[in-house]
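Here is a note to read alongside the coordinates, set out as numbered points. Please keep the structure open while going through them.

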Amino acid sequence: MAAALALVAGLFLLPKGIVKPKEGKKELSQEAARTANRDNGAAAPSTSSVDGAAPNGATPEQPHMTVAPEQRREIGTLLAKYMAERDPNAKLRLATDLAVKYKAVEKFDSAGYYYEQVAQARPGEQAWQRAADAYYEAFSFATTEERAKQLGVKTREMYERVLKNNPENLDAKTNLGMAYMAGDNPVQGVTLLREVLAADPKNEKAIYNLGILSLRSNQNDKAVERFRELTVVNPDNANGQFYLGVSLALTGAKEDARKAFTKAKSLSTDAGFTASVDEQLQKLN
């Protein structure tokens, strides 16, 4: 997975007063304009259908996006077949189909559940990674710290299984590190991210997330260092330029912050992202 496709940090990671780039149409290399608003405060990772009928007594989740009637019918039909199917191989195929459908409507914890069922039956690095990535998507969109912690538990479990199969999977290690940040062992998360950088000093995802961590802990000078490093590795990383501007503004370097925000704005035509940049620029006046 390309590093630019996984630069995610939930709202809970940022100190109060720092605004994340608003989400628009995902034109910003998908991740750059992400906000953590799609989870809608749903309960624990669910296995619900879009009609609210949750297998195994799980709490129905709120949808991440409006589900078209045709998609609702498709998922409902697949879910009914899954629940009725007794042949193990056929049930696994249906689980995969459900995971794909749930992912398409951005119900990521449900997608993670069905990918997990497949991985449990046919374990392996790729199988566990599909489940882990889906849970991580839900974790990334969590709107509250409590929700992030709930999903972080499942995310950690899945990525630990990935790394058991392949300890050199840097993407899994980075995401696992971020999941630890939401739990009771943030130091473990930092350790994992540093291990990633030791293996790949130009890993954008690890640098970005360590920068976010620095902002979270009010180490603004350190955040400036991290985001400068990121923008050297990739000057066109719009999120990196945005948070470089945020970090610089917090240290009082307003003119340098203005340059970073202006650069960030030039890298995207996304309306939501542009609005966030303009908001930060106004604060500099």
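**Notes on the predicted model**

1. Read from the N terminus, the elements of the chain follow the order α-α-α-α-α-α-α-α-α-α-α-α. The count is accordingly 12 helices and zero strands, and it should be kept in mind throughout that this is a predicted model.

2. As for the chain overall, 52% of its 285 residues count as buried. Among the contacts with a separation of 6 or more, 59% are accounted for by residues 24 or more positions apart. The exposed area of the chain is about 12600 Å², of which carbon and sulfur atoms supply 50%.

3. Helix H7, residues 186-199, can be checked against its expected length: at 1.5 Å a residue its 14 residues should span 20 Å, and the end C-alpha atoms are indeed 20 Å apart, so the two values agree. The buried residues in H7 are Gly189, Val190, Leu192, Leu193, Val196 and Leu197. Because these residues cover an arc of only 160° around the axis, they lie on the same side of H7. The face turned away from that buried side carries Val187, Arg194, Ala198 and Ala199, which are exposed. The cover over the buried residues of H7 includes helix H6 (170-181), helix H8 (204-216) and H9.

4. The structure holds 11 salt bridges, and one of them joins lysine 101 to glutamate 74, with the closest N and O atoms 3.0 Å apart. This pair links distant parts of the chain, since lysine 101 belongs to helix H2 (residues 88-104) and glutamate 74 to helix H1 (residues 69-84), 27 residues apart. Lysine 101 has a relative accessibility of 30% and therefore counts as partly exposed; glutamate 74, with a relative accessible area of 30%, is also partly exposed.

5. Another salt bridge brings together the side chains of glutamate 157 and lysine 154, at 3.5 Å from N to O. These two residues are three residues apart in helix H5 (residues 145-165), so about one helical turn separates them. Glutamate 157 is partly exposed, because its relative accessibility is 29%. Beyond the pair itself, a network of salt bridges links Glu116, Lys154, Glu157 and Arg161.

6. In helix H9 (residues 220-233), glutamate 225 and lysine 222 are likewise three residues apart, about one turn of the helix, and their side chains meet in a salt bridge at 3.6 Å, N to O. Both partners are partly exposed: glutamate 225 has a relative accessible area of 47%, and lysine 222 has a relative accessibility of 31%.

7. Two backbone angles deserve a reviewer's attention. Most residues other than glycine have a negative phi. Glutamate 106, although not a glycine, has a positive phi of about 65°, and its place is in the loop between H2 and helix H3 (108-121). With a relative accessible area of 15%, which falls under the 20% cut-off, glutamate 106 is buried.

8. Which loop holds asparagine 218? Asparagine 218 lies between H8 and H9, and its phi is near 60°, again a positive value in a residue other than glycine. Here the relative accessibility is 54%, over the 50% cut-off, so asparagine 218 counts as exposed. Set beside each other, the two positive-phi residues thus contrast in their surroundings, because glutamate 106 is buried, whereas asparagine 218 is exposed.

How values were computed
Residues numbered from 1 in each chain as written. Predicted model: local features only at pLDDT ≥ 70, side-chain atom pairs only at ≥ 80, totals over all residues. Heavy atoms only, no water. Salt bridge = Lys/Arg side-chain N within 4 Å of Asp/Glu carboxyl O. Helix = DSSP H or I, 4+ residues; strand = E, 2+ residues; numbered from the N terminus. Buried < 20%, exposed > 50% of the residue type's maximum accessible area, 1.4 Å probe, protein only. Expected span 1.5 Å × (residues − 1). Arc of directions from axis to C-beta. Contact = heavy atoms within 4.5 Å. Areas by Shrake-Rupley, 256 points an atom, 1.4 Å probe, with all protein chains shown as cover.
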